[in-house]
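Colleague: I would like to learn how to read a model of this kind, feature by feature. Can you take me through one?

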Amino acid sequence: MLDIKFIRENPELVKQAVANKNEKADIDQILEIDRQRRNIIADVEKLKALRNSASEQIAVKKRNKQDAEADIAQMKEVGEKIAQFDAELRTIEDELERLLKWVPNVPHPSVPVGKDEKSNITVKEWGRVPQYSFNLMTHWELGEKLNIMDLPAAAKVAGSGFYVLRGIGAKLQRALVNFMLDTHSKDGFTELHVPYLANAETMTGTGQLPKLAEDMYKIQDENLYLIPTAEVPVSNLHRDDILSEDRLPLCYVAHTPCFRREAGAAGKDTRGMIRVHQFDKVELVKIVHPDKSYDEHETLLQQAEKIIQALKIPYRVRLLATGDLSFAGAKCYDIEIWAAGLGKYLEVSSVSNFESFQARRMNTRFRDKDKKMQFVHTLNGSGVALPRLIIAVLENNQTEYGAIIVPEALRPYMGGLTEIIKSE
RNA sequence: GGAGAGGUGGCCGAGUGGCCGAAGGCAGCUGCCUGCUAAGCAGUUGACCCUUAACGGGGUCCCUGGGUUCGAAUCCCAGCCUCUCCGCCA
């Protein structure tokens, strides 16, 4: 959420941001409602001041056993008027609040302007896409052949868009999770285990509600949602907190499943486990001092890259254009890894700086050196998402005979296993 | 799920329907004092909103939302959360 004062003072900047992000919040309407709101406040507060001073007089008279009936009768009228104004004010503030929730964050000046992903910029390429002298298989072909993946069984259990890993396949995922958690822990991230269900306030805090309601699974009758990413529970750990400056930055890492309805993506990436309704992810979250957030953003990107480099997977980093940037994001890098069997890049991490957008919604603040309250900046990045990482590990490391070479970094996590061959 | 108790400022904790933004303590800050000490003395210290060029002025906030009242931290109702006991349970 943006500060109404910021919108009041920078209406053109905000309108431009709305346009560049392909959103349609009506800034002029918001400013008009804000004007009405302030007028009502001025009126009602005059009456309240009157009531307060009159009440004092009544109290004095009562104490002195004087008659106060006339004042009381008069104040009864004033009280009714105040109630009317308050009701009106409340309606208008609810409306303003509702509209403000639909205003996206303003992109950082370094973000390229463009209406969709075609304007994204590749800012880094790492590793060389290898050449293979044999016909490559996709991960679902490899998975079936090696008996480490069972997509039909997943469909039987839950429908399309789910996956089952078995045997070494399941162990591979666990190895990746442990490898990532260990790596990030060593870099100073505090490991967390958090709830996979979150309430509406939490979902609003990080910006999933109201805009992305249809992308989430909701628990009927409970007012709870399945989390679409660990960012949600982890960031909200500090909702309504006042942190002391010397605690910043707070760095967290959490492994959770993520649940997504993928409502707008029907028919896209339907094969294999490229796009699924439930997947595991290791997520990094940082809560930082506003002055440091862009430095921390670069560092966070490196921390996510580190995982992929250790696994020797070729990747590229994309700086997202305004039109591809998320609603709450001010700046975002995507990491896309090469999947040899599919012959394309897959997004495995989004590393975003939200500046104070989420902090304002969550009311997460700190007291600075001058004792002033300030909103923190929040950042998060996948470190990284699993199914697509598994896809790349399988497809990139396949051999002519259909086995998979286990990346060296993972071998300690897989009992020294060097090669995945067909198992029972 | 049943029966109780409770939710007050950064923390602990008091609170009579009006003089309560809220005693007292701790922590913090500022002076003073002390040749050392987590010592002593005095003062000071909340958030948010409206208004003002500024000084300032005004309003709201004692879990949340309603209600009673001229007036609510204080009374009533509902909800949420925490704790204790019982039941159930991995």
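Modeller: We go through the strand surface, the aromatic rings, some buried residues and the backbone.
This is a predicted model, in which local features need pLDDT of at least 70, side-chain atom pairs count only at pLDDT 80 or more, and totals for chains, interfaces and linings use all residues. Residues are numbered from 1 along each chain as its sequence is written, chains are lettered from A and ligands numbered from 1 in the order in which they are written, and side-chain values use heavy atoms, with hydrogens and water left out.

Colleague: Which residues come nearest to RNA strand B?

Modeller: A residue is near a strand if one of its heavy atoms lies within 4 Å of it. Around RNA strand B there are 23 residues, and E45, N52, M75, K76 and R90 come nearest. On the RNA side, sugar and phosphate make up 71% of the strand B atoms that come within 4 Å of the protein.

Colleague: What is the make-up of that surface by class?

Modeller: Ala, Val, Leu, Ile, Met, Phe, Trp, Tyr, Cys and Pro count as nonpolar, Asp, Glu, Lys and Arg as charged, and the others, Gly among them, as polar. The surface near RNA strand B has 14 charged, seven nonpolar and two polar residues.

Colleague: How do I read the polar contacts to the strand?

Modeller: A polar contact is a pair of N or O atoms within 3.5 Å; within protein, one must be able to donate a hydrogen and the other to accept it, and residues adjacent in sequence count only if both atoms are side-chain atoms. Two side chains meet phosphate oxygens of RNA strand B: N52 at 3.0 Å and R38 at 3.3 Å. I72 uses a polar backbone atom, 3.2 Å from a sugar or linking oxygen of RNA strand B. Elements that give two or more residues to the surface near RNA strand B are α1 (4–9), α3 (27–63), α4 (69–100) and β12 (365–367). Helices (H or I, at least four residues) and strands (E, at least two) are DSSP runs, numbered from the N terminus.

Colleague: Which element gives the most to that surface?

Modeller: α3 does, with 13 residues.

Colleague: Now the rings. How is an aromatic pair described?

Modeller: By the distance of the centres and the angle of the planes. Rings of Phe, Tyr and Trp (its six-membered ring) pair if their centres lie within 6.5 Å; planes under 30 degrees apart count as stacked, over 60 as edge-to-face and the rest as tilted. The count here is five aromatic pairs. Y132 and F134 are edge-to-face, with 5.7 Å between centres and 80° between planes. F179 and Y413 are also edge-to-face, at 6.0 Å and 70°. This second pair links distant parts of the chain: F179 is in helix α7 (residues 168–186), Y413 in the loop between β15 (404–405) and β16 (419–420), 234 residues apart.

Colleague: Is F179 buried or exposed?

Modeller: Buried means under 20% relative accessible area, exposed over 50%, partly exposed in between (1.4 Å probe, protein chains only). F179 counts as buried because its relative accessible area is 7%. Y413 has 27%, so it is partly exposed.

Colleague: Which charges sit over rings?

Modeller: The test is NZ of Lys or CZ of Arg within 6 Å of the ring centre and within 35 degrees of the ring normal. R316 lies over the face of Y345, 4.1 Å from the ring centre. K218 lies over the face of Y225, at 5.4 Å.

Colleague: Show me a buried charged residue.

Modeller: E305 sits in helix α10 (residues 293–310). Its relative accessibility is 3%, so E305 counts as buried. Its side chain makes a polar contact with the side chain of Y315, at 2.4 Å. Contact means heavy atoms within 4.5 Å. Not counting residues up to four places away in sequence, E305 touches K124, Y315, V317 and I335.

Colleague: How many residues of helix α12 are buried?

Modeller: In α12 (residues 386–396), 11 of the 11 residues are buried, so the helix is largely enclosed by the rest of the structure.

Colleague: Last, the backbone. Where are the cis peptide bonds?

Modeller: One runs from L209 to P210, with omega near 0°. P210 is in the loop between α8 (200–205) and β4 (218–219). Another joins G383 and V384, with omega about 0°. V384 lies in strand β14 (residues 377–385).
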